[in-house]
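Reader: I'd like a close look at one part of this model, namely a single strand and the sheet around it. Could you walk me through that, informally?

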Amino acid sequence: MRVEKPLEELYNVKVERKVSSERLTELGVSRWSMWKTGKCKLPWDWQVDQLVYIEEGEVKVLPEGSQRFMQFVAGDLVRYPKWFEADLYFNGPYQERYSFRAYGDD
């Protein structure tokens, strides 16, 4: 039996599920920039680390060269690493707050 590592581990994508309001306040998420979209596919590459809090909807993240995808939903806090490349699939209304992070920021 072959056990595959989770994609989050392979690509160094960190996720916190069902983030508490205390954690959001601690991070200052309400002051972050907002981004919205509808149903679409978007190729993306991260030039810097980015911290994303999903407020509405869901996204499937298909890393470049992978056959498997990660899925993140409203209430998830996701940190994408610098130089990560993936196709993002949105199946309906989606809204996130995001913050670019410097190396070493937590």
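Author: Here is a walk around strand 7 and its sheet, with a short stop at a loop afterwards. Keep in mind that this is a predicted model, where local features need pLDDT of at least 70 and side-chain atom pairs count only at pLDDT 80 or more, while totals for chains, interfaces and linings use all residues. Residues are numbered from 1 along each chain as its sequence is written, and side-chain values use heavy atoms, with hydrogens and water left out.

Let's start with the sheet. It is open and built from 5 strands in the order 1-7-4-9-2, with antiparallel pairing. A strand here is a DSSP run of E with at least two residues, a helix is a run of H or I with at least four, and both are numbered from the N terminus; two strands pair if DSSP finds at least two bridges between them. Strand 1 (14–16) and strand 2 (33–37) sit at the edges with a single partner strand each, so one side of each has no neighbour in the sheet. On average, neighbouring strands are turned by 25° against each other, direction ignored (axes are lines fitted to C-alpha atoms).

Now for strand 7 itself, residues 77–80, which pairs with strand 1 in the antiparallel sense over 3 bridges. Across that pairing, Val15 stands opposite Val78, and Lys14 stands opposite Arg79. Strand 4 (residues 49–56) also runs antiparallel to strand 7, joined to it by 4 bridges, and there Tyr53 faces Leu77. In a regular strand, side chains alternate between the two faces of the sheet. In strand 7, Leu77 and Arg79 point one way and Val78 and Tyr80 the other, and all are buried (under 20% relative accessible area; exposed is over 50%, partly exposed in between, with a 1.4 Å probe and protein chains only).

Next, the loop between strand 5 (58–63) and strand 6 (70–73), where you'll find Ser66. Ser66 counts as buried because its relative accessibility is 14%. A polar atom of the Ser66 side chain lies 3.0 Å from the backbone nitrogen of Arg68. Leaving aside neighbours within four places in sequence, Ser66 is in contact (heavy atoms within 4.5 Å) with Leu7 and Tyr11.

Arg68 turns up again with Lys5, which touches Leu10 and Arg68, not counting residues up to four places away in sequence. Lys5 belongs to the segment before helix 1 (7–11) and is partly exposed, at a relative accessible area of 49%.

Key: Axes are lines fitted to C-alpha atoms, for helices over the stretch in contact, and angles run from 0 to 180 degrees between N-to-C directions. A polar contact is a pair of N or O atoms within 3.5 Å; within protein, one must be able to donate a hydrogen and the other to accept it, and residues adjacent in sequence count only if both atoms are side-chain atoms.
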